[in-house]
Structures are given as structure tokens and as C-alpha cells.
Amino acid sequence: MKIKSFLAKPFAHYIYKGVKKGMTTAVADQEAILKELLKIGKATEFGKEHHLQDINVHEEYVQAVPVRDYEQFKPYIEKIKEGKHNVLWKGLPIYLAKTSGTTSGVKYIPISKESIDNHINTARNALLCYIAESGNTNFTEGKMIFLSGSPELERIGGIPTGRLSGIVNHHVPSYLRANQLPSYETNCIEDWETKLDKIVAETINQDMTLISGIPPWAQMYFDRLQEKTGKKIKEIFPNFSVLVHGGVNFEPYRNKLMESIGGKVATIETFPASEGFMAFQDSQDAEGLLLNTNSGIFFEFIPAGEIFNANPTRLTLKDVKVGENYALIINNNAGLWGYNIGDTVKFVSTNPYRLVVTGRIKHFISAFGEHVIGEEVEHSLIKAAEEEGVHITEFTVAPMIAQGKGKSYHEWFIEFENRPSNLDRFAEKVNENLRKKNIYYDDLIAGNILLPLQIRPVKKHGFIDYMKSIGKLGGQNKVPRLSNDRNIATALEKYVE
């Protein structure tokens with residue numbers, strides 16, 4: 001056994017023991033974090049405006065601090081970008097994470113010296129929990145690749161600013177630097193396809209043991225390797241054993257990724273965001289991701305149906321229920337207060353607190369009152385694909401509202417890896433699955449108000465070409481699963497078969 005794998009096991013068990021202990025103290029830890037946030041936050045501009053010094057319990061906090069999204073937070077962020085101190089948190093942030101958000105365009109999210117550990121240590125803990133549970137330490141001796149954005153940073157208001165993945169790149173522990181690929185120079189390439197070709201060239205002859213990235217971009221990497229060699233990924237990298245993923249639901253991509261890999265690998269799911277590292281897969285055997293309850297973030301949960309209400313119900317961890325859909329609200333030690341990150345989650349367990357991400361608040365279809373969400377369309381498509389032996393490359397859904405005569409319907413743009421032998425039958429299965437999943441959609445179909453969904457096959461690489469056309473190819477960018485308008489659908493018209 002080599003030195004890194006030898007040392008990894010005791011360290012993994014030490015961290016895993018702490019994670020297991022945290023499962024039993026989650027509610028108390030959350031209460032302690034809120035008190036600590038209020039203690040520090042009361043001296044800031046935000047804290048004085050909202051009288052944080054007078055707050056002792058969550059009920060008082062709810063009355064004093066409204067829920068805000070990025071646009072409503074923006075005036076505070078603009079002051080920070082001008083170099084003003086003590087706006088949302090003490091001093092200045094050590095970074096601004098720049099993200100082309102799916103809900104608010106370009107966003108600048110503060111990261112403080114207190115909050116950076118949340119990003120770094122949670123990623124580490126996900127790997128260490130896997131080691132402790134599985135006993136696999138061999139991957140620590142090989143090469144690891146993190147498909148990420150450029151680590152180059154600019155300065156705004158004197159604050160280093162860049163993509164979160166690029167910021168985190170600067171904090172990779174020294175003992176892993178020698179294992180990390182691609183090179184810094186390659187990582188700095190902005191054009192994704194140029195960068196991908198360089199990554200392939202740098203890794204193709206290496207002993208890759210861990211690969212990490214958003215599933216569609218990991219698939220692109222695998223595709224390029226296969227085009228170059230004609231081999232499955234496990235043939236190219238026989239010691240490849242761990243795939244770390246996050247950013248989008250893995251299930252629509254699983255079959256194709258595993259077929260490309262051509263052998264067994266462990267998968268570790270994570271839930272990172274510029275606003276914080278929310279949750280991670282702590283077990284290969286348990287469903288869902290363990291909520292990060294002791295890492296500087298105080299979580300609130302709003303029943304998804306109330307998110308647009310003037311005064312929605314704001315629950316703390318002790319009040320959540322399994323199976324309910326919640327909008328995720330965070331308060332953290334970088335100065336985000338009552339912040340709506342735009343994601344919806346559903347708990348699959350409260351002992352410990354494990355959840356799954358069900359979609360985006362602003363990604364839904366309710367053009368006809370059906371309020372279909374991401375979790376429902378993904379389930380409906382995956383189930384039909386499994387039954388028909390079909391692999392999906394990418395997809396998105398939009399409403400088609402009839403003009404004049406005719407009836408409206410949902411239009412599904414799907415890029416197939418292998419097209420169904422009978423597309424009409426496949427569409428019927430997806431439609432029936434969605435009817436079973438969403439009673440409002442079922443009522444609209446049964447009442448002959450909506451026609452059954454229609455599928456528009458997208459040509460090979462169509463979604464890649466679309467993302468390239470809008471300047472969002474690669475990195476942390478992803479295609480929205482569904483929209484309540486036709487903007488994406490209209491743009492995709494030129495890429496259909």
C-alpha cells in the first residue's frame with residue numbers, strides 16, 4: 001500500500017465518525033449556527049437595518065428578515081463590488097463567485113474566510129465518507145480530473161472574482177496537487193471544445209482513477225476519448241473507480257455514462273452551489289444526500305406551493321416532513337440572509353436528514369394550470385427510456401400554446417443516443433407516466449383541454465450546438481429541463497431533425 005492510501009484510511013474514519021455524530025445533533029447544530037450568524041451579523045449594515053441585535057429565536061428572525069432572491073439582494077452586492085466593508089458580513093469577502101445563474105443572469109456571490117471551508121471541506125468529506133464505507137483508497141494514488149471553469153481570477157472592488165470551480169481550484173490541498181489534472185494552463189482555456197481537446201491530450205495516457213464534473217460535460221469528455229481510441233473508458237483507464245458528479249439530476253445521464261465507461265465504478269453525488277455546498281452523498285447504500293447541517297449554513301424550508309406568497313411559511317429543520325417539496329432558503333457565514341437559491345428539495349429521510357433535489361423554482365410549466373416540475377418530467381422520461389432500452393443525451397420541455405384552431409400541448413425536445421423503434425409509442429409512455437405523476441396534468445388530458453405531449457427529436461450534438469450558440473458550453477452551465485415560455489424551444493427549432 002502506498003503512502004497516500006495508507007494515510008487516507010485513518011483520516012477517513014476520523015472524518016466519517018464526525019459526520020455520523022453530526023447526524024444526531026443536526027437540529028441543535030442548526031440552532032447554534034443561527035445564533036452565531038446573528039452575533040456576527042448584527043454589526044453589519046444589513047444587520048443594523050434589520051435589527052439583528054434584537055433577535056433571539058427563529059420566529060423573530062422571520063419577522064425581521066424577508067426572503068429575497070438575488071435581484072432583491074443586488075443593492076447590497078453592488079456596495080460590496082464597490083469595495084465597501086461590513087455590508088452583509090464583517091469586512092470584505094475574500095472572493096466573489098461569479099455565476100451565470102439560470103434565474104438572474106450574472107450573479108456575484110460573496111465567499112468569506114469563514115465560508116470557504118464549507119466549499120473545500122464538504123468536497124473532501126464526500127470522498128472520505130466513501131473511503132470509510134468502501135475501503136477503497138487506491139484512487140488516491142492515481143490521477144484525478146476535475147472538469148471545471150477557469151481558475152483565472154479578476155478583481156472587482158479589490159476582491160478576487162471568478163467561477164466557483166476556479167476559486168476552489170486554488171484550495172486543492174498540496175498533497176493532491178501532484179495528482180490533479182488537467183494542467184493549470186489548460187484549465188485557463190475559456191473555449192470549452194478547445195479546452196476539452198487539450199484535456200483529452202493530457203489525460204489519455206495517464207492513470208486516471210477519479211473523474212469529477214457535471215454529467216453532460218463528463219459525457220462529452222468520454223465521447224472524445226472514445227472517438228480518439230475506439231475503446232471504453234475502463235479500457236483506457238483500467239484503474240478508474242470513482243465518478244463524482246453534481247449540478248443536475250444524474251439519472252437521465254446514468255445509462256449512457258455507464259455504457260461509455262464499460263465497467264463498474266462508484267458514483268458520488270454532490271450538491272454544490274456558489275452560495276454554499278448544501279449536501280453530499282455520504283453512503284453508497286442510502287438514498288439521498290446528507291444535508292450539511294454543521295457547516296456555517298442555517299437552512300429554512302418553504303413549502304414549494306407558497307414560495308411566491310407575500311408571507312410564506314418558513315420551516316426549520318425540525319419541522320420538515322419526508323416527501324414534501326420545499327424551496328431551499330439559506331442563511332450563511334458569508335452574509336446571505338433569507339436567501340432563496342432557487343432550488344427545490346424533498347427529504348427522503350429525517351433520521352438522518354437526507355434529501356434529493358427536485359428542480360428549480362423558476363423551471364416549471366404551468367401555462368395551463370398544471371405546474372409540472374423537473375422531478376416529474378425526469379421521472380416520466382427515465383421510466384419510459386428504461387422500458388424501451390433508449391438512452392437520452394439531453395432534453396428540455398416547453399408549452400406549445402395553440403393559436404386559433406387546434407389544442408395546446410407540451411413539446412419535448414429530446415436528443416436520443418439511440419432513437420426508439422416506435423417514437424409514437426415512446427411518447428405515449430412518457431405521457432402516461434407524467435399523468436400518473438401530476439394529477440393536474442392528468443385532469444387536463446382527461447378533460448381534452450391538452451393534447452398528449454409531442455416529441456421533437458433533436459439532431460446529434462444539437463444541444464451542444466445550442467449551448468455553444470448562447471456562449472454557455474462547458475463549465476458549470478446546464479440546459480434547463482423545462483420552461484414556462486418558448487424562448488429555449490424557439491432557439492432549438494433549428495436543431496431538430
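This passage describes a sheet, the helices lying across it and several salt bridges in a predicted model.

According to an unreviewed UniProt entry, residues 294–359 carry the annotation "domain: GH3 middle". Over this stretch the chain is 52% strand and 0% helix. The C-alpha atoms at its two ends lie 24 Å apart.

An open sheet is formed by 11 strands, with mixed pairing, in the order S6-S3-S7-S8-S9-S10-S11-S15-S14-S13-S12. The edges are occupied by strand S6 (180–181) and strand S12 (297–303); each has a single partner strand, so one side of each has no neighbour in the sheet. The partner of S12 is strand S13 (residues 325–332), to which S12 is joined by seven bridges in an antiparallel arrangement. Within this pair of strands, Phe-301 is placed opposite Leu-328 of S13.

Two helices that lie across strands of the sheet are described here. Helix H2 (residues 26–41) crosses S12, S13 and strand S15 (353–360), and its direction makes an angle of about 110 degrees with S12. Helix H6 (residues 116–134) lies across S12 as well as strand S7 (208–212), strand S8 (242–246), strand S9 (266–273) and strand S10 (276–280). The angle between H6 and S10 is about 15 degrees.

In the whole structure, 30 salt bridges are found. One of them joins the side chains of Glu-275 and Lys-107, with an N to O distance of 3.4 Å. Because Glu-275 is in the loop between S9 and S10 while Lys-107 is in strand S2 (residues 105–111), this pair ties together parts of the chain 168 residues apart in sequence. Both Glu-275 and Lys-107 are buried.

A salt bridge is also formed by Asp-197 and Arg-224, whose closest N and O atoms are 2.8 Å apart. Asp-197 belongs to helix H10 (residues 192–203) and Arg-224 to helix H11 (residues 215–229), so the pair ties together parts 27 residues apart in sequence. Asp-197 is partly exposed, at 45% relative accessibility, whereas Arg-224, at 17%, counts as buried.

Glu-387 and Lys-429 form a further salt bridge, in which the closest N and O atoms are 3.4 Å apart. Here the link is between helix H14 (residues 374–388), which holds Glu-387, and helix H15 (residues 423–437), which holds Lys-429, the two residues being 42 residues apart. Glu-387 is partly exposed, with a relative accessible area of 43%, and Lys-429 counts as partly exposed at 25% relative accessibility. Through salt bridges with shared partners, Glu-387 and Lys-429 are joined with Lys-383, Glu-388 and Arg-425 in one network.

Technical notes:
Residues numbered from 1 in each chain as written. Predicted model: local features only at pLDDT ≥ 70, side-chain atom pairs only at ≥ 80, totals over all residues. Heavy atoms only, no water. UniProt positions renumbered as here; feature names shortened; annotations may be inferred. Helix = DSSP H or I, 4+ residues; strand = E, 2+ residues; numbered from the N terminus. Pairing = 2+ DSSP bridges. Contact = heavy atoms within 4.5 Å. Axes fitted to C-alpha atoms, helices over the stretch in contact; angles between N-to-C directions. Salt bridge = Lys/Arg side-chain N within 4 Å of Asp/Glu carboxyl O. Buried < 20%, exposed > 50% of the residue type's maximum accessible area, 1.4 Å probe, protein only.
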